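Okay, thanks for squeezing me in. Let me put the structure up, and then I'll walk through the spots I'd like us to look at together.

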Amino acid sequence: MTTRPIALLLCAALLLTLAGCGSPRQVNDTRAGAPEPERTAPQTEQGQTLPPAAEAPEQPRSTEASFPLLARAFSDAESEDMANLNARRCALLVVNYYYCRCLYADGSSALVRYEIVDNNLRHRSVLTPDCPADFLSESEGRLYYLNADGAAESVGTDGSGRRVELDAPCLSLQLFNGALYCLLADGTLLALRGGEKEALLAGCARAFVSEQGVFYTAASDGRAHLFDPEALTDVTLTAEAALCPTLIGTTLYYAAEEADGRHLRALDLADGAQRRMAQAFRGELEFFRGWDGQWRLRLDGLGGAAGQQTLFLAAAFDDAPAVQSAADAYRRLCRGLGDGLRTDELFSADGAALGFELVLPGGGAHTSLAADNPPEK
């Protein structure tokens, strides 16, 4: 299992030796403008039924929001998990191994493992070929992910014992408290525990399970909700569709579509206070936490500017928020973060996937480009 003290030590070591070396960590949103890479959901036929042995979920009772809605603030680790689910994480660090999706020059991909030797990534081995490894997580020596068909799979961290956990197209996969939570393509949130299936919710476009309930967006109108599976109560959190909802501390951040583009919104679940970013942006919205512990957001076209911009989240609601970084050689999507490390997927200006980059504390990077990776035999 991943341990933060070990991961933090590895971060420090990697910073000293990996920056600039040649090849590339655990437990959805549409874009405006073009061209931008899409995170596509697996398709399924109309009228899909639940997998065998799953009962239809009970209908929750709608209740009015009564603040505070949370028993406690989200920890940074919980917020990172939520951000990683939004990012469809495909990379993680487990003790002295780095697992990630690898792109090859012929357009194929695989789940691969690197061993950390003398503070460098060495001995790349393919664990599962032809696999995007979306929603990657690890528990007790097994890796869990969605395969190319959207089915939930797992494999040993050494590449052995590959098996299908749920043979049905899924929109997301989350490992939480010993259970696998699969969001089926028909919008049903399903829990798998010890081989038993339990349907928790229906009509979800996305869902994140936490100790304080299930944060989800409705497939019907995109509004954000908080569902209590014990009390079977459901609270509607937003008046409009919420894109990329991410809870940090007690504040739910999300993007809302308006006539001039998308605006960042914030709802404090402690007192109900709301904020709105004055400047509009377009396309992707991402949240990640830097090595300094501060949360940042990355977005496209802020105030009409070209390209991606990165801002400190704490300053996002200023009248004219300062841009921390802008122009880059690549367009980026965060595909995994934690303990100061971040894995970005790299795209060309026209949206073609180019590879991945492990971003290290202090700004160093370890890049793996598909063009440099011939297919492995």
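**Around one histidine**

So, start with His-225. Leaving out residues up to four places away in sequence, His-225 touches Val-214, Phe-215, Tyr-216, Ala-218, Asp-234, Val-235, Thr-236 and Leu-237. Before I go on, keep in mind that this is a predicted model. His-225 sits in strand β16, which covers residues 223–228. Is His-225 buried or exposed? It counts as buried, because its relative accessibility is 11%, and the cut-off for buried is under 20%. One of those neighbours, Asp-234, does a bit extra: the side chains of His-225 and Asp-234 are joined by a polar contact of 2.7 Å.

**Zooming out**

Quick overview, then back to the details. The protein has two helices and 28 strands. Of its 377 residues, 55% count as buried. The accessible surface is about 15900 Å², and carbon and sulfur atoms account for 49% of that.

**Aromatics**

Now, Phe-215 was on the contact list of His-225, and that takes us to the rings. How many aromatic pairs are there? The count comes to seven. Phe-215 pairs with Phe-74, edge-to-face, with 5.8 Å between centres and 80° between the planes. What I like here is where the two come from: Phe-74 is in the loop between β1 (61–63) and α2 (76–86), Phe-215 is in strand β15 (residues 213–218), and the pair links distant parts of the chain, 141 residues apart. Phe-74 is buried, at 6% relative accessible area, and Phe-215 is buried too, at 5%.

For another pair, look at Tyr-97 and Tyr-99: that one is tilted, 6.3 Å centre to centre with 35° between the planes. Tyr-97 is partly exposed, with a relative accessible area of 22%, whereas Tyr-99 is buried at 2%. Back at Phe-74 for a second: Phe-74, Phe-208 and Phe-215 make up one aromatic cluster.

That loop between β1 and α2 has something else in it, namely Pro-68. The peptide bond between Phe-67 and Pro-68 is cis, with omega about 0°.

**Charges**

Okay, salt bridges. There are 22 of them by the count. Arg-72 bridges to Glu-78, with the closest N and O atoms 2.9 Å apart. Which of those two partners is buried? Glu-78 is, at 14% relative accessible area, while Arg-72 counts as partly exposed at 35%. Glu-153 and Arg-162 also meet in a salt bridge, 2.8 Å from N to O. There, Glu-153 counts as buried at 6%, and Arg-162 is partly exposed at 39%.

Then there's Arg-342, which forms a salt bridge with Asp-344, the closest N and O atoms being 3.0 Å apart. Arg-342 and Asp-344 are both buried. And which residues belong to the network around them? Salt bridges with shared partners join Glu-286, Arg-298, Arg-332, Arg-342, Asp-344 and Glu-357 into one network. Arg-342 also has a ring to deal with: it lies over the face of Phe-288, 4.3 Å from the ring centre.

**Leu-354**

Over to strand β27, residues 353–359, where you'll find Leu-354. Leu-354 is partly exposed, with 27% relative accessible area. Setting aside residues up to four places away in sequence, its contacts are Leu-103, Tyr-330, Leu-346, Phe-347, Ser-348, Ser-368, Leu-369 and Ala-370. For Leu-354 and Ala-370, the C-alpha atoms are 5.7 Å apart, and the two residues are separated by 16 residues along the chain.

**Backbone oddities**

Last stop. Most residues other than glycine have a negative phi, and most peptide bonds are trans. That's the background for the next two, and you can hold the cis bond between Phe-67 and Pro-68 against it as well. Asp-130 has a positive phi, near 50°, and Ala-133 has one too, near 55°. Where is Asp-130? In the loop between β5 (120–129) and β6 (134–139). Ala-133 is in the loop between β5 and β6 as well. As for accessibility, Asp-130 counts as exposed at 57%, and Ala-133 is buried at 0%.

That's my tour. Happy to rotate to any of those spots again.

Note on methods
Residues are numbered from 1 along each chain as its sequence is written. This is a predicted model: local features need pLDDT of at least 70, side-chain atom pairs count only at pLDDT 80 or more; totals for chains, interfaces and linings use all residues. Side-chain values use heavy atoms; hydrogens and water are left out. Rings of Phe, Tyr and Trp (its six-membered ring) pair if their centres lie within 6.5 Å; planes under 30 degrees apart count as stacked, over 60 as edge-to-face and the rest as tilted. Helices (H or I, at least four residues) and strands (E, at least two) are DSSP runs, numbered from the N terminus. Buried means under 20% relative accessible area, exposed over 50%, partly exposed in between (1.4 Å probe, protein chains only). A charge sits over a ring if NZ of Lys or CZ of Arg is within 6 Å of the ring centre and within 35 degrees of the ring normal. Accessible areas come from the Shrake-Rupley method with a 1.4 Å probe; for residues, only the protein chains shown count as cover. A polar contact is a pair of N or O atoms within 3.5 Å; within protein, one must be able to donate a hydrogen and the other to accept it, and residues adjacent in sequence count only if both atoms are side-chain atoms. Contact means heavy atoms within 4.5 Å. A salt bridge is a side-chain nitrogen of Lys or Arg within 4 Å of a carboxyl oxygen of Asp or Glu.
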